[in-house]
Amino acid sequence: MSKKDHIKPVSKGYESYGLVYLLWLVVFFLIPVIVILAYSFFERDYQGGVVFKFSLQGYKDILNPNYVVVFLRTIFISLVSSVVSIIIAIPVAYYIAFSKWKNILLLLVIVPFWTNSLIRIYAWIFILGNNGLVNQFLIKMGFTESYVQFIYNNFAVVLVLVYTYLPFAILPLYSSIERLEKNIFEAAMDLGCTKRQVFFKVLLPNIRQGIISAFVFVFIPAIGTYAVPELVGGKNSRLIGNEIARLLTTARNWPAAAAISSVLLAITIIAVIVFMFGGEKREAR
Amino acid sequence: MKPGKFAFTMILIVLLFFYIPIFIVVLFSFNSSKSPVWTGFSLKWYEKLFTSSAHIWRTFMNSIIVGIGSSFVGVILGTFGAVAMYMGAKKFKKLMWTTTYIPFIIPDIIIGVSLLIFFTTIHLRLSLLTIFIAHVTFSIPYTMMIILTRLQDFDKSIIEAAYDLGATRPIALWKVIIPIALPGIVAAFFMAFTLSIDDFVITFFVAGPSSTTLPLQIFSMVRFGISPVINAISTLLLVGTIFISVLLRKYVRYII
C-alpha cells in the first residue's frame with residue numbers, strides 16, 4: 001500500500017456523519033420556517049389554520065396602527081434593554097478579565113443564566129408585585145395605605161429583560177477584553193492619555209466585536225420575548241410575542257400570526273446583517 | 001490598566017442584582033405565612049408540594065422525560081455533527097456552519113410558532129413527542145458547537161496516527177475521537193438538559209393539553225400571583241441547577 005492510499009480515508013468520508021444532524025435541522029427548522037413564510041400568504045381559516053388560497057390579508061391585518069405601535073414598542077424596549085445591558089456589562093466584564101478569581105466570577109455570572117427563566121421573572125413579581133415584599137413592607141410601616149404599582153409597566157419589562165439577559169452581554173464582552181493585550185492600556189497612559197481617553201479611544205474600539213455580539217445576544221431574545229411582558233408588563237406593554245400568541249390561539253388568525261412572525265424574522269435578520277456583518281468579517285467563533 | 005473602584009463597585013452591584021432576588025425567593029419558601037411577610041420558619045410549603053401536588057409532579061416527570069430523551073438524542077446528533085465538522089472538507093464545513101448558525105440568531109418564539117404550524121400541517125398531534133422534537137431541534141446547534149470546541153483542542157494528527165496503526169473509520173471514531181470528545185459530550189448533555197428543562201416559549205407553542213411541562217405549570221401558577229409553593233419549587237430547581245453547575249465546573253470552558 002502506498003503512503004498516499006493509506007492517508008486518503010483520513011479526511012474523507014466523515015461528511016456522512018453529519019447528514020442526520022443536517023437533515024434534522026432542515027426538516028424541523030428550515031422547512032417549518034419556510035412554512036411560516038408561506039402561511040403568511042394564505043387565506044384565513046376561521047377554525048384556526050389556513051385555506052390554501054393566495055391572499056395578502058394576513059399582512060393587511062397587521063398593517064393597522066395598533067400593530068405598528070406594538071412593533072415600534074418592541075424594538076424600542078429591546079434597544080433600551082440591549083444598551084442598558086452593555087453599559088452595565090462593560091465594567092463588569094473588564095473587572096472579570098483582570099481578576100484573579102476569573103473562573104469563580106464567570107461561574108457566578110453563568111449560574112443565574114442556568115436558573116429557570118420563569119423563576120427569575122417570578123422573583124421580581126415576588127419582590128415588586130402589588131402583593132409583593134416591598135408593598136407589604138410599605139403598608140406595614142404605614143408609608144402607604146394601599147399598594148404602589150411598581151410593575152405591570154414598560155419599566156418592569158426592561159428591568160426583567162436586563163435581569164434575564166445581562167449574562168449574554170457580559171460573556172462576549174469578557175471574551176473580547178480577555179483577548180486584548182493588557183499592556184495597550186499602560187502604553188496609552190504612558191503616552192499621556194487620560195483614563196477617559198483610554199476608555200473611549202483604546203478600550204471601546206478594541207472590543208467593538210464584543211459589543212456587537214453583546215448587543216445581538218440581548219436584542220434577539222428580547223425582541224421575541226413572550227413571558228416577560230405577559231407576566232410583568234401592563235396594558236401598554238404588549239409586545240410582538242404577545243400578539244403572535246394571541247393571533248394563534250384566541251384570535252385564530254394564522255395568516256396574520258405568520259405575517260407578524262415573518263416580519264419579526266426579517267427584523268432579526270436585518271439586525272444581524274447590519275450589526276454582525278456590517279463592520280468587519282466576523283471570526284469563526 | 002487595572003480595574004478601578006468603579007468596576008469593582010459595578011461587579012458587586014451586578015452580583016447583588018443577580019442573587020438578591022433569587023435569595024429572597026428561597027428565603028420565603030421557608031416562611032410560615034402565605035403573604036411575603038416573614039412570620040416564622042416553616043416547611044409547610046414543601047409539605048404541600050410533596051404531599052398534595054400530584055399535578056405538579058406529573059409536569060415535572062414530563063420535563064424530566066423530555067429533558068433526558070432530547071439531550072440524549074441531541075448529544076448523539078451533535079457528536080456526529082461535530083465529527084463531520086471537524087474532519088469534513090471545507091465546503092461541507094461551511095454548509096454545516098450556516099445551518100448551525102441560523103437557529104442561534106432566530107428568536108425562540110419563531111421556532112415555536114413555526115414548529116406549531118408545521119406539526120399542525122403534517123397532522124402530528126401535539127404531545128410529549130412534539131415537545132421532544134422541538135427540544136432536540138433547539139439543542140443540537142449547542143451540543144454540536146460544544147463538542148466541536150472540545151475536538152478543536154486536539155491536533156488531527158492523532159487520528160491519522162490511529163489510521164497508521166491500522167484503525168478503520170468506525171474504530172478511529174469509537175476508540176480515538178469519542179474518548180477525546182467525551183468531556184465535551186458530557187458538557188453538551190448537561191447544557192441540552194438545562195436548555196430543555198428551562199424552556200418555556202417553544203414548549204408553550206408545541207405542547208398539547210395533556211403534555212404540560214414544569215415551566216408551563218410554573219407559568220400558569222405565576223399568572224395567578226404569588227404563592228409560597230412556587231417559592232418552594234424554585235428553591236428545589238435552584239438546588240438542582242447548583243448541583244449540576246458544580247458537577248460541570250470542569251467543563252465550563254466548553255460552554256462559553
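Mentor: Let's start with a bit of vocabulary: two strands count as paired if DSSP finds at least two bridges between them. Keep in mind too that this is a predicted model.

Trainee: Got it. In which sense do strand E1 and strand E2 of chain A pair?

Mentor: E1 covers residues 42-44 of chain A, and E2 covers residues 50-54. Three bridges link them, so they pass the cut-off of at least two. The sense of the pairing is antiparallel.

Trainee: Which residue of E2(A) stands opposite A:Arg44?

Mentor: Look across the bridges from E1(A) to E2(A). The residue facing A:Arg44 there is A:Val50.

Trainee: And which residue in that hairpin takes a positive phi?

Mentor: Five residues sit between the two strands of the hairpin. Check the backbone there for a phi near 100°, and you land on A:Gly48.

Trainee: Where else should I look for a positive phi? What is the value at A:Arg252?

Mentor: A:Arg252 is in the loop of chain A between helix H13 (240-248) and helix H14 (254-276). This residue isn't a glycine, yet its phi is positive. The value is near 50°.

Trainee: Is A:Arg252 buried, exposed or partly exposed?

Mentor: Count the other C-beta atoms within 10 Å of its own: there are 16. Buried takes 20 or more and exposed takes 12 or fewer. The count falls in between, so A:Arg252 is partly exposed.

Trainee: Chain B has such a case as well, B:His123. Is B:His123 buried or exposed?

Mentor: B:His123 is found in the loop between helix H5 (108-121) and helix H6 (128-152) of chain B. Its phi is positive too, near 60°, and again the residue isn't glycine. With 6 other C-beta atoms within 10 Å, B:His123 meets the limit of 12 or fewer, so it is exposed.

Trainee: Now for A:Ser81. Why does A:Ser81 count as buried?

Mentor: A:Ser81 lies in helix H4 (residues 65-98) of chain A. Leaving aside neighbours within four places in sequence, its contacts include A:Val158, A:Leu161, A:Tyr165 and A:Ala222. The cut-off for buried is 20 or more C-beta atoms within 10 Å. A:Ser81 counts as buried because its number of C-beta neighbours inside 10 Å is 28.

Trainee: What separates the C-alpha atoms of A:Ser81 and A:Leu159?

Mentor: Along the chain these two are 78 residues apart. In space, though, the separation of their C-alpha atoms is 7.8 Å.

Trainee: Next, helix H5 of chain A. Which residues of H5(A) are buried?

Mentor: H5 runs over residues 102-114 and reaches 18 Å from its first C-alpha to its last, close to the 18 Å expected. Its buried residues are covered by parts of both chains, including H4 and helix H6 (117-128) of chain A and helix H1 (5-28) of chain B. The buried ones are A:Leu105, A:Leu106, A:Val109, A:Pro112, A:Phe113 and A:Trp114.

Trainee: So the chains touch. Which element gives the largest share of the side of chain B that touches chain A?

Mentor: In all, 74 residues of chain B are in contact with 75 residues of chain A. By class, chain B's side has 55 nonpolar, 13 polar and six charged residues. The largest share, 12 residues, comes from H1(B).

Trainee: Let's zoom out. How many helices and strands are there in chain B?

Mentor: Read the elements from the N terminus on, and each is an α. The count is 12 helices and zero strands.

Trainee: What separates the centres of domain 1 and domain 2 of chain B?

Mentor: Domain 1 spans 1-42 and domain 2 spans 54-255. Their contact takes eight residues from domain 1 and seven residues from domain 2. Taken over C-alpha atoms, the centres are separated by 30 Å.

Trainee: Last one: what radius of gyration does chain A have?

Mentor: Chain A has 14 helices and two strands, and its C-alpha trace spans about 75 × 65 × 35 Å along the principal axes. A compact globule of 285 residues would come out near 19 Å, but chain A has 24 Å.

Technical notes
Residues are numbered from 1 along each chain as its sequence is written. Chains are lettered from A and ligands numbered from 1 in the order in which they are written. This is a predicted model: local features need pLDDT of at least 70, side-chain atom pairs count only at pLDDT 80 or more; totals for chains, interfaces and linings use all residues. Helices (H or I, at least four residues) and strands (E, at least two) are DSSP runs, numbered from the N terminus. Two residues are in contact if their C-beta atoms, placed from the backbone, lie within 7 Å. The expected span of a helix is 1.5 Å times one less than its number of residues. Ala, Val, Leu, Ile, Met, Phe, Trp, Tyr, Cys and Pro count as nonpolar, Asp, Glu, Lys and Arg as charged, and the others, Gly among them, as polar. Domain bounds come from an automatic or database domain assignment. The radius of gyration is taken over C-alpha atoms; the globule rule is 2.2 Å times the number of residues to the power 0.38.
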